[in-house]
Amino acid sequence: MSNRFDNSRVDGFLRAEGIRTVNAAGEEVLLRGWGAGNWTNPEGFMLGIGTGYMGDSMKPGLALPGRFTSARTTTQVIRDLCGSAYARAFWPRWQRNHLGEADIRAMAEWGYNSVRLPITAWVLLPEEPELRFDEAGFAMLDQVLDWCEQYRVYAILDLHGAPGGQSGLACDDGLDNIPHMFMEPESRERALALWEEIARRYADRWIVGGYDLLNEPISIGRWHHLMPELERFYDDAIARIRRHDRKHICFLEGALFATNLDIFHRDYDPECRNWGISIHLYNVSPEVRELYKFIEAQRRLDVPVWIGEGRLKDPGMAVFYEIAAAHHMGFNLWVWKSVENDEDSGATTYALPEGFDAVLKYCTEGGPRPSYAESQRLFDAMLENLRYENCHVNAGAHRHCRRAQGIALPGAGYDPEGFSGGWTLGNAFGYRAEDGTHLVLRDGVRVPDGFAIGGPPPARDPLGSLLLQLDEGAFASYTVRAVTSPCAATARLRSTGGATLRADDGDQAAEIEIPAGADFADYALPVLRPGDARTVRLCAVRGCVQVESVNFPLPGEE
């Protein structure tokens with residue numbers, strides 16, 4: 001299995017081979033990258049509107065319509081503020097600036113091998129009575145694919161907003177937060193026709209890494225009676241795609257934000273055996289038990305599972321995605337680019353122009369409209385800020401999701417392989433209990449009494465709350481990737497009774513004497529050579545050692 005974070009294996013069509021995704025040479029390719037959310041499917045919380053509003057704001061005596069929550073409602077806002085001619089020209093400008101050559105080049109330079117391209121149907125198939133494909137929309141997509149091919153980044157085509165809507169939420173840019181695509185023959189047929197057209201056009205484009213047939217279908221419980229329609233849609237969509245294209249892998253998502261596996265009880269592509277399951281996971285605990293049900297489906301159906309969308313806090317990403325890789329699961333995280341004040345900011349962020357508060361207040365509070373001239377100035381500035389060269393790059397997020405040099409790994413974030421077990425009593429959070437490692441509470445952390453009435457729930461931050469305790473003879477390994485320069489690694493350790501720790505990176509080893517004491521201190525480990533991956537193994541030779549963190553700094557950050 002490859003754990004490499006580079007694009008050296010972006011070579012020819014991807015296909016499913018059992019639980020692995022492989023390239024033309026039969027080498028495993030773990031998809032690793034980001035989703036280009038907001039590109040053709042902007043959502044309010046990534047545009048600056050705030051998660052508390054999202055079109056449902058209610059105030060005494062005032063009930064505002066949803067504004068600036070999706071492409072559909074944003075179009076109306078722009079028309080109201082800037083005029084119809086400006087609104088017609090806005091989205092092509094947005095799409096070019098939001099995802100340009102510089103964005104794809106940056107993905108490749110960071111070492112990613114894929115980008116998930118969320119597509120709203122009307123960009124390629126206008127919402128008009130006739131079935132007419134938009135050549136300008138396809139030309140824009142073709143340009144992005146050309147860049148992907150130039151920089152060797154697989155593009156996963158994701159139908160994020162199907163005709164009529166498929167999720168029952170604003171994220172599908174539907175008419176009214178009802179999944180009409182499963183209820184209306186016309187909307188359903190338009191979605192099938194779109195996939196057939198995509199397959200016809202891109203059957204021979206190897207840089208298209210696969211087709212993600214529907215984003216987060218039927219994500220609200222009230223619509224789960226439509227699950228048979230979801231199965232039927234996948235059957236028909238794959239049949240229509242296979243009329244033209246037998247080469248591309250089809251990824252299918254389950255209901256409930258792509259976490260429900262009820263529909264995955266059979267083979268959806270028996271003729272080509274070229275399909276997989278896409279799951280979405282946000283803010284889960286960074287451990288393998290979060291993947292149990294997906295691993296079971298992966299093995300039962302003998303198909304790949306891909307984390308097509310998700311995100312954790314920085315330390316969790318470095319731990320969880322390494323565990324996922326051990327089970328042949330890659331990831332494309334959310335989101336590549338978002339507004340600067342998004343509380344879950346993207347890999348890249350752009351600033352709203354000065355004065356844009358007037359637009360947001362109009363949308364959320366019914367404030368006065370800025371003049372046409374002022375509104376056009378504000379949106380022009382916003383479009384300019386979107387360009388990659390004008391954005392802020394979240395280097396910390398890149399380093400953590402890639403587990404690259406420049407991060408510190410928590411002691412409890414040891415490698416999924418290369419540790420000693422044997423501790424049978426678990427820990428306060430049940431975190432990675434199946435590993436048999438000895439994890440103890442950090443000083444000052446208290447697990448609330450489970451019988452307390454009305455008290456706060458137990459904290460769920462195992463990486464921040466637990467330390468790894470290496471009892472005599474125990475060991476654990478920590479791997480860092482993309483080591484670009486000699487790395488002066490350190491470990492933050494203590495031993496209440498005094499101990500000797502052996503640190504070994506495979507090339508050199510050192511024994512570290514840790515005096516008895518209650519305080520943690522930083523100890524130098526062997527300097528790691530540059531390379532794709534470097535692993536340091538810590539073993540308690542004498543006594544007991546507690547590991548708070550292992551630091552892999554960049555030069556100048558020691």
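**Exercise 1. The crossing of α6 and α7**

Task: In this predicted model, determine which handedness the crossing of α6 and α7 has, and describe which residues make the contact.

Solution. Step 1: The crossing of α6 and α7 is right-handed. Step 2: Two packed helices are described by the angle between their axes together with the distance between those axes. For helix α6 (residues 185–202) and helix α7 (residues 227–242), the axes come within 8 Å and cross at roughly 30°. Step 3: On the α6 side, the contact is made by Arg188, Glu189, Ala191, Leu192, Ala193, Trp195, Glu196 and Ala199, while α7 contributes Glu229, Arg232, Phe233, Asp236, Ala237, Arg240 and Ile241. Step 4: Sorted by class, the contact of α6 with α7 comprises eight nonpolar and seven charged residues, with no polar ones.

**Exercise 2. Helix α1 and its surroundings**

Task: Compare the span of helix α1 with the expected value, then establish which of its residues are buried and what they pack against.

Solution. Step 1: Helix α1, residues 71–82, has 12 residues and reaches 15 Å from its first C-alpha to its last, which is close to the 16 Å expected at 1.5 Å a residue. Step 2: Taking buried to mean under 20% relative accessible area, the buried residues in α1 are Ala71, Thr73, Thr74, Thr75, Val77, Ile78, Leu81 and Cys82. Step 3: These buried residues of α1 pack against four helices, namely α2 (84–98), α4 (121–124), α11 (357–365) and α12 (372–386). Step 4: After α1 comes Gly83, whose phi is positive, near 100°.

**Exercise 3. Thr500 within its sheet**

Task: Place Thr500 in its strand, work outwards to the sheet, and decide whether Thr500 is buried or exposed.

Solution. Step 1: Thr500 lies in strand β21, which covers residues 499–504. Step 2: Strand β21 runs antiparallel to β22 and is joined to β22 by six bridges; the bridge partner of Thr500 in β22 is Glu513. Step 3: The open sheet consists of four strands in the order β19-β24-β21-β22, with antiparallel pairing. Its edges are β19 (475–483) and β22 (509–514), and because each of these has a single partner strand, one side of each is left without a neighbour in the sheet. From one strand to the next, the twist averages 20°. Step 4: Not counting residues up to four places away in sequence, Thr500 touches Glu511, Ile512, Glu513, Cys539, Ala540, Val541 and Arg542. Step 5: With a relative accessible area of 6%, Thr500 is buried, since the cut-off for buried is under 20%.

Key: Residues numbered from 1 in each chain as written. Predicted model: local features only at pLDDT ≥ 70, side-chain atom pairs only at ≥ 80, totals over all residues. Heavy atoms only, no water. Helix = DSSP H or I, 4+ residues; strand = E, 2+ residues; numbered from the N terminus. Buried < 20%, exposed > 50% of the residue type's maximum accessible area, 1.4 Å probe, protein only. Contact = heavy atoms within 4.5 Å. Expected span 1.5 Å × (residues − 1). Axes fitted to C-alpha atoms, helices over the stretch in contact; angles between N-to-C directions. Left-handed = near helix turned anticlockwise from the far one by under 90°. Nonpolar A, V, L, I, M, F, W, Y, C, P; charged D, E, K, R; others polar. Pairing = 2+ DSSP bridges.
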